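Visitor: I'm new to this one. Could you take me slowly through a single part, chain A, and then show me what lies beyond it?

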Amino acid sequence: MSTTTATPLAAGSSGAAQPQSAFVAYLVENVLRRNGILLAFVVVIIALSVWQKKFLSPSNLTNLVLQYSYVLILALGMLMIIVLAQIDLSVGSVVAFTGAVAAVVVVRHGMPWYLGVAAALITGLAVGAWQGFWVAVVGIPGFIVTLGGQLLFRGLAQLTLNYVSLSPFGGKYYGISNGFIKGWFGGTGFDVFTVVIFAVAVVGYAVAQWRSRAARLKYQQEVAPLPLFILQIVIVAVVAMFYAWRISQNRGLPVILIILAVFIMVYGMVMGRTSFGRGVYAIGGNLLAAQLSGVKTRWITFWAFVNMGFLAGVAGVIFSARMNSAQPAAGVGMELDAIAACFIGGASTTGGIGRIGGAMIGGLIMAVISNGMQLAGLSQGIQPVIKGLILTLAVAFDLWNKRRTSVAA
Amino acid sequence: MVEPLVTMRGITKHFPGVLALDDVDFTLAPGEIHALMGENGAGKSTLVKVLTGAEPFETGEIRLAGNPAPVINHSPQEAQERGISTVYQEVNLCPNLSVAENLFAGRQPHHGMFVDRREVNRQAARIMADIGVDVVVERQLGEHSLAVQQMVAIARAISISAKVLILDEPTSSLNEQEVARLFELIRKLRDDGMGVIFITHFLHQVYQVCDKITVLRNGHLVGTYAIEALPRRDLVAAMLGRAFDDMAAIHRRSEDEVDRGGAPVIAARGLGVRGGIRPFDLDVYAGEVVGLAGLLGSGRTEVARAIYGADAADEGTLVVKGAPVKHSPIDSMRAGMAFCPESRKDEGCVQDLSVRENIVLAEQTKRGAFRLMSRAEQDRITREYVDLLAIKTASLDTPVKQLSGGNQQKVIVARWLATHPDFLILDEPTRGIDVGTKAEIQRLCVELAGEGMAILFISSEIDEMLRTCSRLGVMRDLSKVGELVDDEMSSSAIMSKIAGDEAGDD
């Protein structure tokens, strides 16, 4: 459709003469426009699995979630901030600081694991409230406040840890990021429970997608053509079930994956269905209009930053548990991974646009590429070069894609 | 007599260096559409801002129906809670949300802790149906036309508080059909007993819908009149404080006066942009004002952008004063072109810079960053054009955002005149400004052409072009469909050309 309207004079002839290529063009057009990010993800996975044989091994796929879940957790909060047309540069430092606080409670004072977790989360909330105050109440741009926060909380992390790392956490705290659920439903050679959980999730995803498609149809909105829609579901299902089957051959269902799934669902609902979440989109779309409409812009901005602090605390716990230690230099550059995940996932730099699902896939792309480069043993210098290029190209592609379709429309 | 909805008495307000409102009275009764008229800087916007709490005032009192004591609104939200809603010229909604969400932003019905989307959509559909606008409320606002967005803004305003509705230039981005729909809606609201304050620069629209007119001039109240008591001519006189004939005295140049001996200043041959303007030919000679007529979106601006190089042409050639030119805005400027764009807010003035900086901007760019202009030279140029165009500003250092719309428009025109162009493109130079300034800009065009400048003049108002231009290019659906010269030019000829029914004309 769009390809033909772009060149109206040639439309009739080329469409009639080459129906086959026109159909392919139509398909490519649709896939690019709707599922560009998903497509990119699949391409990256295929490329990595060809390049590195170990990439699809059960142990590596298990590792992937253990190692990179923090990016996805942070991206959930960052998306909210970015949709508000703000930014948070401090999360890496906050991850270190909250992890440090947990370590002091658990390692240095020998208190139970849940007190360590609580201390880290409360610290995260306090950090968020601090930054939210300056942004929402005083009105300093988030960029500045969190740039200050990056330095401030990095320093506090170092002071808290007295410049050395604290370890080991051990026990249940360690289990947060390294625990598994296995064998509840039995199975030999693979874990039935893991596969069942994933199957339920996939069915849930398919039903939800179908219902939203049906709703859009009812409202006469544009939807993907049915074959394409089915293809999208099938791709997601295949990727997910393949993943489930592989990790079920390893250590089973990571605890962290369950935590992650719960967070994604909760934040998906918060952003999509609560007046808080819709307010976030309204503020990002037109601050003045939101204000005049009685959206509590300050209140929402404040809580978005508090939430970011909270999630940085969660990531701090996850990361320190994974490492089994708190380090003064933990989390350097994590904010950039989270920001990159959002932008790769289609968030707009000017606010108002961005989806949880997109940010999650963006985060996964960052994760699998990092993982692939580590498997290949690429040097420490090359890795950021490639990540940087990917971020730039991904956003450039997104822009090009939008511009092209808007000209056609 | 019914109790008025709004009674403002003795309102006085200063801005730094200016008396914005001087002892102004204003009364709005239920069931009336009340036009607030005046030139730019007369105090219309300020009066409305005082009423809605966007600006404080110094003396006077405001009474609202239902409130025994005088009322002071401290913010637009507060005014909204008291039943006063404003719909601004620029649509003030969130384009990234659905129509329904915009209608209910900040007050969605809930189902437990979640927004009840079904209820939001249902109620929104009912509201839009009530005002007779057929729209799919689940779709994103940004996907709809500006007119529909405007209607949504009004729907939102009246669904919140159905007493006083202020419409600030609501029609300036709408086409005629859309304006008709809007007026239908406003009349319906009036018949339901609402009070409507209507601010516009289109005089004929005032006579289409309004019941009363209040005229302001230089911050003073001139008077409040019933519509029948103030014919158009008297309205203009009241606004300007001088006789109507003054401003009608523009004598456009005739084609005979144009010397076509030499090369045209601009000669476009088959110039076209893929996905944009279709290939067109256009010659503009020195001493000539050529107009471009057509509906909104017919390609008028696109022609200008293609000539200026703001849109890169994919085909055709452009010859300037006999020499082919490379195609980019800076090359065009060096070749003696100047382009005064349509939207002064987005593409025109740099709001935070001073009048001086705005005026010398283009000339400085043309000279290059390393050949700085001395302060004295900047002052001299600025002073010259501030005087020439009678720009009302407290000083040369005043930030442009503090100027009224018409004066901002003049600043942009001044910027381009300062580059001493051979070819000046004016895209809607008079939109949203008052009659007095309009006439000044039109007269200036004719004078400049008389001095040998070539001018391309784009406007939505046919009257204005008939007064100013000696030749008209007519645009339809991104194509140039014809030209009209001198005697062929009349409203009806232009209309039928735009409509495309010249074949079965008479």
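Guide: Here is a walk through chain A, followed by a look at its partner.

A quick word on the ground rules. This is a predicted model, in which local features need pLDDT of at least 70 and side-chain atom pairs count only at pLDDT 80 or more, while totals for chains, interfaces and linings use all residues. Residues are numbered from 1 along each chain as its sequence is written, and chains are lettered from A and ligands numbered from 1 in the order in which they are written.

Let's start with the whole of chain A. It holds 17 helices and two strands; here helices (H or I, at least four residues) and strands (E, at least two) are DSSP runs, numbered from the N terminus. Along its principal axes, the C-alpha trace of chain A spans about 80 × 60 × 40 Å. A compact globule of 409 residues would have a radius of gyration near 22 Å, and the 23 Å of chain A agrees with that. That radius is taken over C-alpha atoms, and the globule rule is 2.2 Å times the number of residues to the power 0.38.

Of the 409 residues in chain A, 41% are buried. A residue is called buried if 20 or more other C-beta atoms lie within 10 Å of its own, exposed if 12 or fewer, and partly exposed in between, with C-beta atoms placed from the backbone. Now for who touches whom: two residues are in contact if their C-beta atoms, placed from the backbone, lie within 7 Å. Among the contacts in chain A with a separation of 6 or more, 79% are between residues 24 or more positions apart.

Next, the domains. Chain A is assigned a domain 1 (58–179 + 274–409) and a domain 2 (183–250), with bounds that come from an automatic or database domain assignment. The C-alpha centres of domain 1 and domain 2 of chain A are 27 Å apart. Where they touch, domain 1 of chain A brings four residues and domain 2 of chain A brings five residues. On the domain 1 side of that contact in chain A there are two nonpolar, two polar and no charged residues. For those words, Ala, Val, Leu, Ile, Met, Phe, Trp, Tyr, Cys and Pro count as nonpolar, Asp, Glu, Lys and Arg as charged, and the others, Gly among them, as polar.

Now zoom in on a pair of helices. Two packed helices are described by the angle between their axes and the distance between the axes. In chain A, helix α4 (residues 58–83) and helix α10 (residues 226–248) have axes that come within 8 Å and cross at roughly 110°. Axes are lines fitted to C-alpha atoms, for helices over the stretch in contact, and angles run from 0 to 180 degrees between N-to-C directions. So α4(A) and α10(A) are roughly perpendicular to each other. The scale goes like this: under 35 degrees is roughly parallel, over 145 roughly antiparallel, 65 to 115 roughly perpendicular and the rest oblique. At the meeting place, α4(A) offers A:P58, A:L61 and A:T62, and α10(A) offers A:Y243, A:R246 and A:I247. The residues of this contact between α4(A) and α10(A) split into four nonpolar, one polar and one charged.

Some single residues deserve a stop too. The loop between α7 (142–161) and α8 (171–178) of chain A contains A:P168, and the peptide bond from A:S167 to A:P168 is cis, with omega near -5°. A:N162 is placed in the loop between α7 and α8 of chain A as well. Although A:N162 is not a glycine, its phi is positive, at about 55°. A:N162 counts as exposed, because it has 12 C-beta neighbours inside 10 Å.

Elsewhere, A:V270 belongs to helix α11 (residues 255–273) of chain A. With 19 other C-beta atoms within 10 Å, A:V270 is partly exposed. Setting aside neighbours within four places in sequence, A:V270 is in contact with A:F276 and A:G277.

Finally, step across to the partner. Between the chains, 22 residues of chain A are in contact with 20 residues of chain B. On the chain A side, α12 (275–285) and α13 (287–292) each supply at least two residues, and α12(A) gives the most, with five residues. By type, the chain A side has 11 nonpolar, nine polar and two charged residues.
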